[in-house]
Amino acid sequence: MSYKLSAVLSGHSSDVRALAAQGNDLLVSGSHDGTGRIWKREGANAFAQASVLAGHKGSVRVVSIVPGTPSNPNGMVATGGSDNAICLWDPTDLAQPARKLTGHSGNISALAASSDGKTIVSGSWDSTAKVWAMDGKCTYTLVGHSHAVWAVLALDDGSVVTGSADRTICRWVDGKVVKTYTGHTDCVRALVLLPDGRFASASNDMTVRIWSIDGGEECHAVLRGHSAFIYTLAVFPDGSIVSGGEDRTLRVWKGAKLAHTVFVPSTSVWGIAALDNGDIACGTSDGLVRVFTRDVARLASAADATHFAEANAAFMMSKKTIHDFHPSMVLESDRLSKPGEANEQIVFVKSGSFVEVHQWDADGGKWIQVGQVSDAVGQTEKKKLDGKEYDYVFDVDIKEGSPPLKLPFNVTENPYTAAQRFLEKNELSMDYLDTVANFITTNADGVTLGGDTQQQSYADPFTGGNRYVPGQQASAGNGGSATGGDPYTGGTRYMPSGPASYVPPSEYVIGKQGNVAAIVGKMAEFNTLVTQDAATSSVALDDAQMQSIKAMESLGDPSFTVTEDMYRSLMHAALQWPKDKRFPALDLVRLAVAHSRLPALSQQSSKSLVECVSEASGILELPSMVVVAKPDEINLMMGIRTLSNAFATSEGADLVWKAHARIIEALEDSWTKTDNRPLVTAVSTLFLNLAIAATKRNDDDGGLSVLSAASRFLNATTIADAQLRLVNVFGVLSTKFQLCKDSARILGDTTIVILGVNGGSDAVKQAAQQVGAFLSA
């Protein structure tokens, strides 16, 4: 029997990056949403969320279950995150971590516990692994890999096995390398110990390899079948291996032969766990955990099975993600009237402008559609979005149940530029920049920059694209060697053909996204509270004013217009209401200025938009603040975002630029007064828009004032989103004004070079390398 859906576990709000199982009835997951979660079986085909593990400041990238010991019979749960820390959780008290292990200087990318429950091994982007005792003491730091350590194993004899982005696998005894295994041609992403004492590895080279621990350094077998990166491995008690990766499949291997292929309706299979009863659990990029079974007693309900089948059938794939795909493989639709030649056979069948992917289900004696290939028969027509033509317009699912967002891309543009534009327009975290950029390179044909036909290399932070080739160096035209290793793959980032290739962003960053109905609802709630309080009732909005604001719920309609009454009512609340109740009004003003020129043309008590927003949000009070108080952060963030959005209209841009010197003065050192990431990012976005405004006005003196403040900002911040925008401030101004280029070499050249190696994200490093190369040209 083939594997069928058993259960769907929903709770995470972002990618499920890691998964571990204990027995048949308990799963632990880790997610990009910053949480770990424990799930317990509630029935044959159901798991329920039992606990949420909230102890990391960033994403949870890896999880492990630590076996019990006589002194700790309940064992522990270990989680590793992007905050460089490992949290140990006591199953009897999960309110907070029982212990936190610190010492790594990069994201935790691998965790494994010894079978006796006495040791934990961790791997990190800092290119080291560490061996920890359960009391939190680091007994060994394993130094030897040249790139990130992506996989670790703790063996029964006390030795450790590590796999790295440098393509090698090492065995360590007492902190020293005793054997190095070579054979993979790309970074090693996963390791698993087999019941017979051997171990298996998986790699971006799309292979699984079997090795002997004590024997020679040559692999025993190479398992081929995946058509993209392999991220994760698990093993059953009988030695069968399960693998998963970027080709949206789980694959089960018996011996050296592929026994089963299971498709999931999600781009990436990040984590896999093998249950003792033969079921498989997987965590995927759509934020779900799914369990699959071959036991009819544990099959999913008919409704869940139907929903899963429909999602699989509708899943859109690119031919670039199908290994060795050729148009000759596409058959006519009458092929589906004939049975398959083997269980789980795959065929491609023409269906209009698409090609459908079908898998033969021998159990049911029928073909099951498991996807569609959008570009199998050629990509020739331009796509239109917002009145502009693009080579591609992708649908991107951000949240289950919400409509997909549109990601436009032309093959002649830098994929990182398109990705940044998409994230900024939809107010999504720049943490996903590499994900989106590599999604583009994976799914779009003919990706070039400025028509350059030279081969280009891309990072693999989340979804792939072209891969790191160890030993490859950036050309001289790229401004140096590839020493700033990508922690995800150990390779270089996207690099155009030469220093002059840097193309600065030229469009303002405008945030038009917002749940208007929810914001209006919050305003109505606050207005009731303001009305009921005798001290503030005089500044409450009346019914007519609230009705004018409620009309903003149709903001997305083409016929929507911002009215004078609407704007005055919003600004009245923003200026007159108590400070702790102003933020929804400021948020709606932010949206209003992005959609209409009226706010820039209107005045409130003889004050301009800039003056009103600065007063209402507290921007004018920033210079007198030693530290930004938590209650002030949200108003400041909304006010600064509003000033950024004012650049959506020429009238608004003129207003903000006229006040740019005063705004920069007010914001001076604000980045040192708060650790609120959205607020600091909002300030950096405003600086980027000011830089673009300077170039559009050909104002080199104004540009120099922006650059000067931005250089101090860039030297002080460690927030990746802010770093990325500020590096582009340098790029925008330096490519336009020689005065700014000369000054940038003095103000920020050293910082830019450092960020090219140690920036807060791969996107920062890539941008810094490009801008640095331009500055040195």
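**Entry 1: the whole protein**

I count a residue as buried when its relative accessible area is under 20%. With that cut-off in hand, I looked up the whole protein, which is a predicted model. Of its 777 residues, 58% come out as buried. I then checked the surface: the accessible area is about 30,600 Å², and carbon and sulfur atoms hold 49% of that.

Next I wanted the inventory of helices and strands. I found 18 helices and 37 strands. I also looked at contacts between residues with a separation of 6 or more, and 54% of these join residues that sit 24 or more positions apart.

**Entry 2: the sheet from β2 to β5**

I started with a sheet made of four strands. In what order do the strands of this open sheet lie? I read it as β2-β3-β4-β5, with antiparallel pairing. The edges are β2, residues 16–22, and β5, residues 46–53, and each of these pairs on one side only. I noted an average twist of 25° from one strand to the next.

A reminder to myself: strands of a sheet pair through backbone hydrogen bonds, and they can do so parallel or antiparallel.

Then I zoomed in on β4 and β5. Strand β4 covers residues 36–43, and seven bridges tie β4 to β5. The two form a hairpin, with two residues between them. I picked out some pairs by residue. K40 has A48 of β5 as its bridge partner, and I38 stands opposite S51, also in β5.

**Entry 3: the sheet from β6 to β9**

I moved along the chain to another open sheet of four strands, in the order β6-β7-β8-β9 and again antiparallel. Which strands are at the edges here? They are β6 (60–66) and β9 (99–101), each pairing on one side only. The twist averages 20° from one strand to the next.

I looked inside this sheet too. Strand β7 (residues 76–81) and strand β8 (residues 86–89) run antiparallel and are joined by four bridges. One pair I wrote down is G80 with its bridge partner I86 in β8.

**Entry 4: helix α9 and what surrounds it**

Now for a helix. Is α9 mostly covered or mostly open? I found it mostly covered, with seven of its nine residues buried. The buried ones are L609, V610, C612, V613, S614, A616 and S617.

What covers them? I listed α6, α7 (583–595), α8 (598–601), α10 (630–645), α11 (650–658) and α12 (660–667) as part of the cover. Just after the helix comes G618, and I noted its positive phi, near 95°.

**Entry 5: how α6 packs on α9**

From that list I chose α6 for a closer look. Two packed helices are described by the angle between their axes and the distance between the axes. Helix α6 spans residues 564–576 and α9 spans residues 609–617; they pack at an angle of about 35°, and their axes are 9 Å apart. I logged the crossing of α6 past α9 as left-handed.

Which residues meet? From α6 I have Y567, M571, A574 and L575, and from α9 I have L609, C612, V613, E615 and A616. Sorted by class, this contact has eight nonpolar residues, one charged and no polar. Glu counts as charged, so E615 is the charged one.

I cross-checked with the burial list: L609, C612, V613 and A616, which meet α6, are among the buried residues of α9.

Notes:
Residues are numbered from 1 along each chain as its sequence is written. This is a predicted model: local features need pLDDT of at least 70, side-chain atom pairs count only at pLDDT 80 or more; totals for chains, interfaces and linings use all residues. Side-chain values use heavy atoms; hydrogens and water are left out. Two strands pair if DSSP finds at least two bridges between them. Axes are lines fitted to C-alpha atoms, for helices over the stretch in contact, and angles run from 0 to 180 degrees between N-to-C directions. Buried means under 20% relative accessible area, exposed over 50%, partly exposed in between (1.4 Å probe, protein chains only). Contact means heavy atoms within 4.5 Å. Accessible areas come from the Shrake-Rupley method with a 1.4 Å probe; for residues, only the protein chains shown count as cover. A crossing is left-handed if the near helix is turned anticlockwise from the far one by less than a right angle, and right-handed if clockwise.
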